[in-house]
Amino acid sequence: CVHENVDSSERVLIDDRPQLEAGQLHVLMLHGSRDGSLPPGKRLTAPFNDAELLAWGADYAALGHYHGPARIVDDEGVVRAAYAGSPIALAIDETGPRHVQVVTVEHNGMHRRVALEPLELDRRRLHRIEVSAAGASSPEGLQARIDEALETALVGTDALALVPLTGRTRPGIDLRIKSEDDTTRWFWLKIDASGLRPDYDLSIYRRGEPRTT
C-alpha cells in the first residue's frame, strides 16, 4: 500500500517475496507503477515489471495507482494481474465509463483460470466536448452553441461535462454564461475559456505608411 504521497523507487516485489504455500490460492494487492506505463505527471511508487510480478507467484494480482484498465498475462495467456482503473472520474482527462472488476480465480494445482468482468457502478460519466467560440458576439449565441454540442453528445442529467472553448474572439465581448449553475440539465458542467485567443483587428496597422512598432 501507499501511506505517503511521495515518490518511491523501492522494488517491493523483489525485496518482499515470501514463501508461498503450495496448494493455496494466493492473491496479491499492490499499489505500484508498472514499468513503461507511467502516465505524465504520475508519481513513481513501488515500481515493478511484468517478470518480477509473475515471479512473485500470486495466482492473481489486483493492481492500483494507474487510473486506466490494463492487464498482464503469463506465457499461457492467463491474466495474472490487472489494473481496474478508477471507479469514478478523478481527473479531467478520465472520460467515458469507469469500472471496478469482478474477478474469478481458480487454481487446482494443475490448472489456473482467471476471468475478469468489468462492472460500472456510477452512471455519471465525464464528457469532454470542445466548442468553438469564434465569431460569437454575445453570451446567448455562445450558450446556443454549447447547448447544441451537449445535445449532440447526448449529455444528460447524470453527466459531468467539461467544455473547453476554442477559437479567436473580439476583445471586450462578454461571453460569460450561466449554464454552469443549471443542475437540472446535468450533474456538473465546467466551461473552460483558457483556450480562447483575442481576434485583434490588424487591418488598421496595415493601412497607411509602413512603420516600425
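Okay, let's start with contacts, meaning heavy atoms within 4.5 Å. In this protein chain, residues 24 or more positions apart account for 59% of the contacts with a separation of 6 or more.

Some ground rules before I go on. What you see is a predicted model, where local features need pLDDT of at least 70 and side-chain atom pairs count only at pLDDT 80 or more, while totals for chains, interfaces and linings use all residues. Residues are numbered from 1 along each chain as its sequence is written, and side-chain values use heavy atoms, with hydrogens and water left out.

So, the overall picture. The protein chain has 4 helices and 12 strands; these are DSSP runs numbered from the N terminus, with helices being H or I of at least four residues and strands being E of at least two. The radius of gyration of the chain is 25 Å, well over the 17 Å that the globule rule gives for 213 residues, so the chain is more spread out than a compact globule. That radius is taken over C-alpha atoms, and the rule is 2.2 Å times the number of residues to the power 0.38. If you boxed up the C-alpha atoms along the principal axes, you'd need roughly 85 × 45 × 30 Å.

How much of the chain is buried? Of the 213 residues, 30%. Buried here means under 20% relative accessible area, exposed means over 50%, and partly exposed is in between, using a 1.4 Å probe and protein chains only.

Now my favourite bit, an open sheet of 4 strands. The order is S1-S2-S4-S3, with mixed pairing; two strands pair if DSSP finds at least two bridges between them. Why do S1 (27-31) and S3 (70-73) each have a side without a neighbour in the sheet? Because they stand at the edges, each with a single partner strand.

Let's walk across from S1. Strand S1 runs parallel to S2, residues 60-64, and 5 bridges join them. Leu28 stands opposite Ala61 in S2, and His31 stands opposite Gly64. On the other side, S2 pairs with S4, residues 79-83, also in the parallel sense, over 3 bridges. There, Ala61 has Ala81 as its bridge partner in S4. And since 4 of the 5 residues of S2 are buried, that strand is largely enclosed by the rest of the structure.

Back to S1, where the side chains alternate. Leu28 and Leu30 point to one face and are buried, whereas Val27, Met29 and His31 point to the other and are not.

Last stop is Arg113, which sits in strand S6, residues 112-119. Is Arg113 buried or partly exposed? At 34% relative accessibility, it counts as partly exposed. Leaving out residues up to four places away in sequence, Arg113 touches Thr104, Val105 and Glu106. And how far is Arg113 from Met29? They are 84 residues apart in sequence and 18 Å apart in space, C-alpha to C-alpha.
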